[in-house]
Amino acid sequence: SPNKPLVAAAEFQFAAFSSDAFPLQITVPLDVAEPVIDAVIGVDFVDQPLALDRTSRAWTAPIRLSVEDAVVLTPAAVPAKGMKGAMASGSGLIRRHSQFAEAVTVSIDGLPKGYSASPATVAADAAEFSLAVTIPADAAAGEVPNLTVRCLRANGQPLTNPMAVKLVIE
């Protein structure tokens, strides 16, 4: 689509000719805000996978594809709190689409110099996450500004846009 140039079907998807249905994998970037995408899909019929000669090509009638998030990330509503020179823990939940069953990573971004946090891996059958943030001894009291969390696939591909979270140093 000219309005959505980064929406694309994965290359080399194969199905048996006798298949009644075939799960087509389409990549939709996070910045696509529309809940649906209008599309036309072209199919090449070949005698064998990766054959150079196309025996025929077919196109679907215009179709409408629903765009749904693979994962919905919900950080805890209560700010994480911690003391100087200690650790603070932030938590939350992820909800997966019924067709997305992969382990994911939740990471925190925007930590100032001296702070650190390791990403949390959330198993495919789990929904809760917890992020431990190490607070330096010389941290200023108050809220740490500009912190966000996001959810990533195992390969580092973002699944969610960054979401603001709060960390308060007491």
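This is a short tour of a predicted model, going from the whole chain to single residues.

**The whole chain**

Start with everything shown. The chain holds 17 strands and zero helices. Along its principal axes, the C-alpha trace spans about 70 × 30 × 25 Å. The radius of gyration is 22 Å, whereas a compact globule of 170 residues would have a value near 15 Å. Of the 170 residues, 22% count as buried. The exposed area of the chain is about 11,400 Å², and carbon and sulfur atoms supply 54% of that area. Consider next the contacts between residues at least 6 apart in sequence: 56% of them join residues at least 24 apart.

**The four-stranded sheet**

Select strands 7, 9, 13 and 11. In that order they make an open sheet with antiparallel pairing. Strand 7 (71-75) and strand 11 (116-117) are at the edges; each has a single partner strand, so one side of each lacks a neighbour in the sheet. Now keep residues 87-96 and 128-134, which are strand 9 and strand 13; these two pair in the antiparallel sense over seven bridges. Within this pair, look at S89, which stands opposite A132 of strand 13. Strands of a sheet are held in pairs by backbone hydrogen bonds, in either a parallel or an antiparallel sense.

**The three-stranded sheet**

Select strands 8, 17 and 14. They form an open sheet in the order 8-17-14, and the pairing is mixed. The edges are strand 8 (80-82) and strand 14 (142-143), each with a single partner strand, so one side of each has no neighbour in the sheet. Strand 17, residues 167-169, pairs with strand 8 in the parallel sense over three bridges. Click on G82 to find one such bridge: its partner in strand 17 is I169.

**From S89 to A58**

Return to S89 and add A58, a residue of strand 5 (56-59). How far apart are A58 and S89 in space? From C-alpha to C-alpha the distance is 54 Å, although they are 31 residues apart in sequence. A58 has a relative accessibility of 29% and counts as partly exposed. Show the residues around A58: beyond its neighbours within four places in sequence, A58 is in contact with I41, G42, V43 and F45.

**A residue in strand 10**

Go to S107, which is in strand 10 (residues 104-109). Is S107 buried or exposed? With a relative accessible area of 9%, S107 is buried, because the cut-off for buried is under 20%. Again leaving aside neighbours within four places in sequence, the contacts of S107 are P119, L131, T148, V149, R150 and L152.

**Two loops**

Select N146, in the loop between strand 14 and strand 15 (148-152). N146 is exposed, with a relative accessible area of 67%. Check its backbone angles as well: phi of N146 is near 60°, a positive value in a residue other than glycine. Most residues other than glycine have a negative phi.

Last, select L24, in the loop between strand 1 (8-9) and strand 2 (26-27). L24 is partly exposed, at 35% relative accessible area. Add F22, I26 and V28 to the selection; together with L24 they make a nonpolar surface patch of about 270 Å².

Key
Residues numbered from 1 in each chain as written. Predicted model: local features only at pLDDT ≥ 70, side-chain atom pairs only at ≥ 80, totals over all residues. Heavy atoms only, no water. Patch = residues over 30% accessible without salt bridge, like charges linked within 9 Å, V, L, I, M, F, W, Y side chains within 5 Å. Areas by Shrake-Rupley, 256 points an atom, 1.4 Å probe, with all protein chains shown as cover. Salt bridge = Lys/Arg side-chain N within 4 Å of Asp/Glu carboxyl O. Buried < 20%, exposed > 50% of the residue type's maximum accessible area, 1.4 Å probe, protein only. Pairing = 2+ DSSP bridges. Contact = heavy atoms within 4.5 Å. Rg over C-alpha atoms; globule rule 2.2 N^0.38 Å.
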